[in-house]
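Visitor: Please take one part of this model and go through it closely. I would like the geometry with its cut-offs, in plain terms.

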Amino acid sequence: MQIDAIPAFTDNYIWLLSHDGDAIVVDPGDATPVERRLRERGLRLRAVLVTHHHPDHVGGIDHLLQDHRVPVYGPAAEADRIGSISDPLQDGDRVDLLGASFEVLAVPGHTLGHIAYYAPGEPGLLFCGDTLFSAGCGRLFEGTPQQMHASLDRLAGLPPDTRVYCTHEYTLSNLAFARAVEPGNRALAQHLEHVESLRAQQRPSLPSTLQLEREINPFLRVQEPMVAAAVRRWADAHGGPDDPFAALRRWKDGFRG
Ligand code: ZN
Ligand code: FE
């Protein structure tokens with residue numbers, strides 16, 4: 001299985017998975033760059049996977065369906081809003097494509113019906129949409145902090161070498177916030193240098209790994225003493241909230257490098 005990032009809009013990645021001339025795409029917000037890549041590589045589109053209903057993740061589906069008669073897998077809870085889902089999915093469902101078996105994980109928070117796709121293997125592959133970002137997490141448009149925290153805990157419990165394919169290139173701005181939270185974290189400082197050099201060469205900072213995220217992502221580290229102390233200081237100065245994860249998320253919402 002080969003996995004490529006197709007850049008879209010300003011900072012989205014549409015992930016293209018291919019094997020033996022067959023391909024699937026995850027969250028095709030725009031059809032044009034997908035069509036171009038399929039043509040260039042001589043690939044047959046076999047399916048579309050969707051994580052949640054936002055336009056930058058689903059906007060290209062109808063156009064792709066005009067040229068390709070393929071199934072569209074996506075969250076049952078958001079099928080009404082997405083419209084083009086042929087195979088609605090729920091937590092615990094399985095999707096077999098390109099010789100891989102993807103487990104469906106419900107990960108509410110960014111949206112209420114948000115799902116992620118996890119293919120166990122060496123390494124495992126995780127397509128997590130706008131739930132987990134490298135060094136960050138999605139904004140809470142629909143869910144509660146408690147829901148997002150539980151969703152991230154669930155993802156963080158997957159094997160450490162799991163490759164994490166997020167949908168946005170937000171890593172540098174997330175790392176700036178992470179540094180404000182944890183200025184003494186050496187893994188974080190080292191990774192920032194690495195990502196700065198990748199981005200200077202216009203290379204994606206993704207995929208990440210769960211092991212790396214556990215070392216650098218403040219949203220997976222709220223119980224670490226240094227993170228907990230920083231969050232408490234911020235919450236004390238800003239009138240709460242009491243819940244550390246909720247406070248960290250609110251701190252990030254208002255953070256301007
Ligand atoms: Zn989104
Ligand atoms: Fe998005």
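Visitor: Before the metal site, what does S197 count as at 35% relative accessibility: buried, partly exposed or exposed?

Guide: S197 counts as partly exposed, because its relative accessibility is 35% (buried is under 20%, exposed over 50%, partly exposed in between; 1.4 Å probe, protein chains only). The residue lies in helix α7, residues 186-200 (helices are DSSP runs of H or I, at least four residues, and strands runs of E, at least two, numbered from the N terminus). From S197 to R139 the C-alpha distance is 27 Å, with their positions 58 residues apart in sequence.

The model is predicted, so local features need pLDDT of at least 70 and side-chain atom pairs pLDDT 80 or more, while totals for chains, interfaces and linings use all residues. Residues are numbered from 1 along each chain as written, chains are lettered from A and ligands numbered from 1 in written order, and side-chain values use heavy atoms, without hydrogens or water.

Now the metal site. The zinc ion (ligand 1) has H52 (NE2), H54 (ND1), H110 (NE2) and D130 (OD) as its protein donors, at 2.2 to 2.3 Å (donors are N, O and S atoms within 2.8 Å of the metal, 3.2 Å for Na, K and Ca; water is not among the atoms, so sites may look incomplete). Along the chain these donors are spaced H-x1-H-x55-H-x19-D. H54 sits in the loop between β4 (44-49) and α2, and H110 in the loop between β8 (100-106) and β9 (115-119), so this pair ties together parts that are 56 residues apart in sequence. Both H54 and H110 are buried.

Angles of 84 to 173° among the 4 donor atoms make the arrangement around the zinc ion (ligand 1) irregular (neither tetrahedral, with four donors and all angles between 85 and 135 degrees, nor square planar with four or octahedral with six, where opposite donors are over 155 degrees apart and all others between 65 and 115).

The iron ion (ligand 2) is coordinated by D56 (OD), H57 (NE2), D130 (OD) and H168 (NE2), with distances of 2.1 to 2.4 Å. Its 4 donor atoms give angles of 84 to 170°, and this site is irregular too. The donor residues of the iron ion (ligand 2) follow the spacing D-H-x72-D-x37-H in sequence. D56 belongs to helix α2 (residues 55-58), whereas D130 lies in the loop between β10 (125-129) and β11 (132-133), so the pair ties together parts 74 residues apart in sequence.

The two ions share a ligating residue: D130 coordinates both the iron ion (ligand 2) and the zinc ion (ligand 1), which are 3.1 Å apart. D130 counts as buried, because its relative accessibility is 4%.

Helix α9 makes a useful contrast in burial away from the metals. In α9, V227, A228, A230, V231, W234 and A235 are buried. These residues cover an arc of only 165° around the axis, so they are on the same side of α9 (the arc is that of the directions from the helix axis to the C-beta atoms). On the other side of α9, the exposed residues are P225, M226, R232, R233, D236 and A237. After α9 comes G239, with a positive phi near 70°.

Strand β1 (residues 2-8) is mostly covered, with 5 of its 7 residues buried.
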